[in-house]
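Thanks for sharing this one with me. I have put my comments as numbered points, so you can follow them with the structure open beside you.

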Amino acid sequence: MSAEDREAQEDELLALASIYTEDEFRRAADGQVGQLRACLELPQNFRIFVGDHDAKNALKGDFEVFFLPPVVLTFELPEDYPSTSAPDYALTCKWLTPLQLTSLCKQLDYLWEENKGGVVLFTWLQFLKEEALQHLNIVSPFEVTVHGEGMCRQKNVVRKDGERDTRESIAQPGLLDERALQDADSLDSLIRDILNFDEAQQVRSFHCKLFQCNICFLDKLGIDCTQFKLCQHVYCNECLKAYFEVQIKEGHVHLLHCPEPKCESVSTPAQVKQLVAEELFSRYDRLLLQSSLDSMADVVYCPRLNCQTPVVKEPGGTMGICSNCRFVFCDLCKRIYHGVASCTQPEEKEEEVDTNPSPAADSEALTSYSYKEGKYRQWQEKVYKQYVATNCKMCPVCNVPIETLT
């Protein structure tokens, strides 16, 4: 290797390392080997879709994306680069087909011929980032395909012919550049990889931007802020934490919406958990569950005062079985289950005793509770014995009452 080539290579690699982040440029610890990762600049409202021709795919439909996985250029600099030879490279991408990558390889080779004798890696990377979509005539909506899964066409390599679009097809494998590789196993996995990458990149982009909190009116980085997904309003974590804590302590778990007036965007449990203390989040979770159960028509609570466990009613009947204390009750009168017999109420005298406990019981809450519970259980036992005597027969073997159907 000549001294001029060595110096040019080192200068180029050092320049790339100073310009780009580690996500965009990586150099091997030894040798003149590295990797360039180009995230293409997408236009606004860019959408991808899965065609109907793949019946096996579960993720059909179209999706709006802001970021696509990078086009990866892995290179090795030969000894006579840049004076004589071009870098050896391979071009891989998850969502571009081998035909499209082959077209990009041809353009990279053309750019080398134009700049032969000079360094070219920076020119290649800029082309991939800024001009690749235009070069391939990729527009929204973009159909995502995987070469080798029965795809005989690529609808997004398009040439305009007057008013009519002509669509190129993948003719023969021999026309594909061996340096062009699509890194995708299946269409399902490809769609998931695209959506996961887009979500992760959106989070990273949000963390790096400055936002003004509409509560304290201070500018803060996105990493110190929270954004409501539906309305996109942004508030600093400090203000939003105080707002959440007040609402949860007052029991208003359904009011954890965006603080913007008249905005109905609701926070997610994950956002609440990230901001408030563990004890407060447990209260929020419990109240939210209780509120949800209260709104369900087929859920009642165990009538025993020391239990109160949610119980799913038996379909088409009135019986409820508590999974905690095993109490079997009627969900209409909330008393012990009485089968086909009509619901009854305690005798008037017992009601009076139950609702007007003695002065001694009034002096201590625990005594009052025990007194009421005892009287209630006595009445339950009485009703139970009456029902067994009238509607049941005793098993001759185990002496367990068995309901008789009339």
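1. Let me begin with the sheet. Five strands form an open sheet of mixed pairing, in the order 1-2-5-6-10. Its edges are strand 1 (25-27) and strand 10 (180-182), each of which pairs on one side only. From one strand to the next, the twist averages 20°. Helix 2 packs on this sheet and touches strand 5, strand 6 and strand 10, with a direction about 145° from that of strand 6. Please keep in mind throughout that this is a predicted model.

2. At one edge, strand 1 and strand 2 run antiparallel and are joined by 3 bridges. If you would like a residue to look at there, Arg26 stands opposite Gln35 in strand 2.

3. Some overall numbers may help you place the rest. The protein chain has 11 helices and 20 strands. Of its 406 residues, 37% are buried. Among contacts with a separation of 6 or more, 52% are between residues 24 or more positions apart. The chain exposes about 24400 Å², and carbon and sulfur atoms supply 52% of that area.

4. Helix 3 (residues 121-130) deserves a look. Why can it be called largely enclosed by the rest of the structure? The reason is that 7 of its 10 residues are buried. These are Leu121, Trp124, Leu125, Gln126, Phe127, Leu128 and Lys129. The buried residues of helix 3 pack against helix 1 (3-19), strand 2 (33-38), strand 5 (71-76), strand 6 (88-93), helix 2 (98-114) and helix 4 (132-136).

5. Lys129 of that list has a charged partner. Lys129 forms a salt bridge with Glu24, with the closest N and O atoms 3.1 Å apart. Because Lys129 lies in helix 3 and Glu24 in the loop between helix 1 and strand 1, the pair ties together parts that are 105 residues apart in sequence. Both Lys129 and Glu24 are buried.

6. The structure holds 10 salt bridges, and another of them involves Asp23. Asp23 pairs with Arg204, the closest N and O atoms being 2.6 Å apart. This pair links distant parts of the chain, with Asp23 in the loop between helix 1 and strand 1 and Arg204 in helix 5 (residues 187-208), 181 residues apart. Asp23 counts as partly exposed at 33% relative accessibility, and Arg204 is partly exposed too, at 45%.

7. Next come Asp183 and Lys94, whose side chains meet in a salt bridge (3.8 Å, N to O). Asp183 is in the loop between strand 10 and helix 5 and Lys94 in the loop between strand 6 and helix 2, so this pair ties together parts 89 residues apart in sequence. Asp183 is partly exposed at 45% relative accessibility, and Lys94 is partly exposed at 25%. Elsewhere, Arg47, Asp62 and Glu64 are joined into one network by salt bridges that share partners.

8. The backbone has some points to check. Most residues other than glycine have a negative phi, and most peptide bonds are trans. A cis peptide bond joins Tyr81 and Pro82, with omega about 5°, and Pro82 lies in the loop between strand 5 and strand 6. The bond from Ser140 to Pro141 is also cis, with omega near 0°; Pro141 is in the loop between helix 4 and strand 7 (142-143).

9. Positive phi values occur as well. Gln232 has a phi near 70° and is found in the loop between strand 13 (225-227) and strand 14 (234-236). Gln232 is partly exposed, with a relative accessible area of 44%. Lys262, with a positive phi of about 65°, is in the loop between helix 6 (237-249) and helix 7 (269-275). Lys262 is exposed, at 87% relative accessible area.

10. Ser265 is in the loop between helix 6 and helix 7. Is Ser265 buried or exposed? At 2% relative accessibility, Ser265 counts as buried. Leaving aside neighbours within four places in sequence, Ser265 is in contact with Phe228, Leu230, Cys231, His257 and Cys258.

11. Finally, the surface. Leu210, Leu221 and Ile223 make a nonpolar patch of about 300 Å². Leu221 lies in strand 12 (residues 219-221) and counts as partly exposed, at 38% relative accessibility.

Note on methods
Residues are numbered from 1 along each chain as its sequence is written. This is a predicted model: local features need pLDDT of at least 70, side-chain atom pairs count only at pLDDT 80 or more; totals for chains, interfaces and linings use all residues. Side-chain values use heavy atoms; hydrogens and water are left out. Patches are made of residues with over 30% relative accessible area and no salt bridge: like charges are joined within 9 Å, nonpolar side chains (Val, Leu, Ile, Met, Phe, Trp, Tyr) within 5 Å. Accessible areas come from the Shrake-Rupley method with a 1.4 Å probe; for residues, only the protein chains shown count as cover. A salt bridge is a side-chain nitrogen of Lys or Arg within 4 Å of a carboxyl oxygen of Asp or Glu. Helices (H or I, at least four residues) and strands (E, at least two) are DSSP runs, numbered from the N terminus. Buried means under 20% relative accessible area, exposed over 50%, partly exposed in between (1.4 Å probe, protein chains only). Contact means heavy atoms within 4.5 Å. Two strands pair if DSSP finds at least two bridges between them. Axes are lines fitted to C-alpha atoms, for helices over the stretch in contact, and angles run from 0 to 180 degrees between N-to-C directions.
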